[in-house]
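Student: I'm new to this one and don't know where to start. Please pick a single part and take me through it slowly.

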Amino acid sequence: MISETSAASAPLAHLPAHSLAARLAATRETYRTLEAFFDEIVAGLKSVGVGRAAPQLGEVFPEFALPSARGGFLALDELLAEGPVVLNFSRGRWCPYCVHELAAWGEALPALNAAGARFLEVTGETGGEARSILQSLPGQAEVVCDVDHGLALSLGLAFFAGEPMLDFYRKSGIDFGAIYGSDSGFLPVPATYVIGRDGTVRYAFVDVDFRNRAEPADALAALKAG
């Protein structure tokens, strides 16, 4: 299995030392021998428009309710009744880029909460992983389980990985059937939204290149601007 623990320690010089982008750049450097392979995969996804149908800036984000890590179901409108929501889709903690991303959101949570926002993580992982993620996040955070990537698929934020990518992960020891509770071969597109109390998208970051993620500072800026 790919591990984030071997990530290079020194970020690229042109990036802020403590930014998420710097951590992701260091991780890319660790796996630089895979860059050409993933570049080809990402180019193929972009060529068929994966992610283009996802909610956009200024649109009303569709309502949903999903199983909560705290038990029962949690609806988006429940959180919006209390204030704006920072909504994040990631692939899961099996992915080294997601590990760094979740750590960065955890660090940003006090500032997000101070701005009146709640953080909501959407994971397709099953087997109690949603609860584990919740326990790793301080402050006012929620985690919901997107079973079979149903929400992501409905939003245009999931895609069939294809045999080359699936074969690569199988050989890396990653069992999506065990992780997601399904051998469907679908993966979520990393995405981050800031949603105002009226349900309108104030900030949107969607990128089929899983090596790129939204910077928490940008989401915080969108919150403060709104």
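Tutor: Let's look at the sheet and what sits around it. First, some ground rules: this is a predicted model, so local features need pLDDT of at least 70 and side-chain atom pairs count only at pLDDT 80 or more, while totals for chains, interfaces and linings use all residues. Residues are numbered from 1 along each chain as its sequence is written, and side-chain values use heavy atoms, with hydrogens and water left out.

The sheet is open and has five strands, in the order 5-4-3-8-9, with mixed pairing. Helices (H or I, at least four residues) and strands (E, at least two) are DSSP runs, numbered from the N terminus; two strands pair if DSSP finds at least two bridges between them. At the edges you'll find strand 5 (141-145) and strand 9 (201-206), each with a single partner strand, so one side of each has no neighbour in the sheet. From one strand to the next, the twist averages 15 degrees. Angles like this run from 0 to 180 degrees between N-to-C directions, and axes are lines fitted to C-alpha atoms, for helices over the stretch in contact.

Now zoom in on one pair. Strand 3 (residues 85-89) and strand 8 (residues 191-195) run antiparallel, joined by five bridges. One match to look for is Leu-87, whose bridge partner in strand 8 is Tyr-193.

Two helices join the picture. Helix 5 (residues 129-136) packs on the sheet, touching strand 4 (118-123) and strand 5, and its direction makes about 165 degrees with that of strand 5. Helix 9 (residues 216-225) lies across strand 3, strand 8 and strand 9, and runs at about 165 degrees to strand 9. Contact here means heavy atoms within 4.5 Å.

Leu-87 turns up again in the largest nonpolar core, which has 50 residues; Leu-87 is among those with the most contacts inside it, along with Phe-61, Phe-89 and Tyr-169. Another core, of 21 residues, lies apart from that one and includes Phe-119, Leu-134, Ala-141 and Ala-214. A nonpolar core is a set of buried Ala, Val, Leu, Ile, Met, Phe, Trp, Tyr and Cys residues joined through side-chain atoms within 4.5 Å. Buried means under 20% relative accessible area, exposed over 50%, and partly exposed in between (1.4 Å probe, protein chains only).

Finally, step off the edge: the loop between strand 5 and helix 6 (150-154) holds His-149. His-149 is buried, at a relative accessible area of 3%. Setting aside neighbours within four places in sequence, His-149 is in contact with Gly-124, Ala-158, Tyr-180, Phe-186 and Pro-188.
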